[in-house]
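Here is a short briefing for a first look at a protein model. Keep the sequence and the 3D view side by side as you read.

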Amino acid sequence: MDRVGHGIAGPTGENRRGGVSVGEARAEKAAVVDEVREKFSASDAAVLTEYRGLDVPAMAELRRALRQSGGEYKVYKNTLVRFAADELGLGIEDLLIGPTAIAFVGEQADGSAGDPVGVAKALKEFAKVHEALIIKGGLLDEKRLTVEEISALAEIAPREVLLAQLAGAMAAPMQQFAALLNALPQNVAYALQALIEQGGASGAPA
């Protein structure tokens, strides 16, 4: 927290630090907390990573890869993310250690849905080449994801393929459809459900 007594009094008596008043600094922090809270609320998924050791070109490369899957990679101070997460009751405090960047997955400017599977895949593939990127955990529809679950999510077929398979399965006899569902790995079944719901919202077969 800012210590007002250590600032330099300005003409109006308002303490200043580096040309920015304490009040302005607090307002900026509050605005960032609001932004983080809104991004969590509007996102279908979020993956928290540690990026220590990644240079600017590598960060730019990662952002491009995530953007292709409807992801947005943002860096915030852990203290400010913690405030937003606490307000939403997300329970991710243990992940907010070390330099943290968050890949948010949500609806895009053109109205298209983000792809949690594509974002997880992009992060996993990038981490294979850049060991400095560490996946710490995340959220999918407010469900806490472990590193192992994010890795499993990355192995799911692309959203379009799953929806096509689902449409074909639902046209098949119910016995075959039940067999397909039973064959799904337990730790990724919820991810398929999320993709089905997104497909239904966008007009895909339900």
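The points below go from the whole protein to one helix, the cores, the strands and a few single residues.

This is a predicted model. The protein has 206 residues, and 40% of them count as buried. Its secondary structure comes to eight helices and eight strands. Among contacts with a separation of 6 or more, 73% join residues 24 or more positions apart.

**Helix 2**

- Helix 2 covers residues 56-67, which makes 12 residues. At 1.5 Å a residue it should span 16 Å, and its end C-alpha atoms are indeed 16 Å apart, so the two values agree.
- Which residues of helix 2 are buried? They are Ala58, Met59, Leu62 and Leu66.
- These buried residues cover an arc of only 100° around the axis, so they sit on the same side of helix 2.
- A general rule fits here. An α-helix has 3.6 residues a turn, so residues three or four places apart point the same way.
- The buried residues of helix 2 pack against three elements: strand 5 (71-75), strand 6 (100-106) and helix 4 (116-129).
- Val56, Pro57 and Arg67 are exposed, on the face of helix 2 turned away from its buried side.
- Asp55 caps the N-terminal end of helix 2. One of its side-chain oxygens lies 2.9 Å from the backbone nitrogen of Ala58.

**Nonpolar cores**

- In soluble globular proteins, nonpolar side chains tend to be buried together.
- The largest nonpolar core here has 25 residues. Leu62, Leu66, Tyr73, Ala103, Leu123 and Leu133 have the most contacts inside it.
- Six elements each supply at least two residues of this core: strand 4 (43-50), helix 2, strand 6, helix 4, strand 7 (134-140) and helix 5 (147-154).
- Which element gives the most to this core? Helix 4 does, with six residues.
- Ala103 touches Ala45, Ala46, Val47, Leu66, Glu72, Tyr73, Val119 and Leu123, leaving out residues up to four places away in sequence.
- Another core, of 17 residues, lies apart from the largest one. Leu90, Ile102, Phe104 and Leu139 are among its residues.

**Strand 7 and its partners**

- Six of the seven residues of strand 7 are buried, so the rest of the structure largely encloses it.
- Strand 7 pairs with strand 4 in the antiparallel sense, over six bridges. Here Ala45 stands opposite Leu140 of strand 7.
- Strand 7 also runs antiparallel to strand 8 (residues 143-145), and three bridges join the two. Leu139 has Arg144 in strand 8 as its bridge partner.
- How many residues lie between strand 7 and strand 8 in their hairpin? There are two, and Asp141 in the turn has a positive phi of about 50°.

**Gly137 in strand 7**

- Gly137 lies in strand 7. Its relative accessibility is 1%, so it counts as buried.
- Beyond four places in sequence, Gly137 touches Ala46, Val47, Leu48, Leu95, Leu145, Val147 and Ile150.
- Gly137 and Asp94 are 43 residues apart along the chain, yet their C-alpha atoms are separated by 9.7 Å.

**Thr49 and Glu50 in strand 4**

- Is Thr49 of strand 4 buried or exposed? Thr49 is buried, because its relative accessible area is 0% and the cut-off is under 20%.
- The side chain of Thr49 makes a polar contact of 2.5 Å with the side chain of Tyr73.
- Besides Tyr73, Thr49 is in contact with Pro99, Thr100, Ala101, Leu123, Leu133, Ile134, Ile135 and Lys136, setting aside neighbours within four places in sequence.
- Glu50 lies in strand 4 too. At 14% relative accessibility, Glu50 also counts as buried.
- The side chains of Glu50 and Arg52 are joined by a polar contact of 3.2 Å.
- Glu50 is in contact with Ile97, Gly98, Pro99, Ala132, Leu133, Ile134 and Lys136, again without neighbours within four places in sequence.

How values were computed: Residues are numbered from 1 along each chain as its sequence is written. This is a predicted model: local features need pLDDT of at least 70, side-chain atom pairs count only at pLDDT 80 or more; totals for chains, interfaces and linings use all residues. Side-chain values use heavy atoms; hydrogens and water are left out. Helices (H or I, at least four residues) and strands (E, at least two) are DSSP runs, numbered from the N terminus. The expected span of a helix is 1.5 Å times one less than its number of residues. Buried means under 20% relative accessible area, exposed over 50%, partly exposed in between (1.4 Å probe, protein chains only). The arc is that of the directions from the helix axis to the C-beta atoms. Contact means heavy atoms within 4.5 Å. A polar contact is a pair of N or O atoms within 3.5 Å; within protein, one must be able to donate a hydrogen and the other to accept it, and residues adjacent in sequence count only if both atoms are side-chain atoms. A nonpolar core is a set of buried Ala, Val, Leu, Ile, Met, Phe, Trp, Tyr and Cys residues joined through side-chain atoms within 4.5 Å. Two strands pair if DSSP finds at least two bridges between them.
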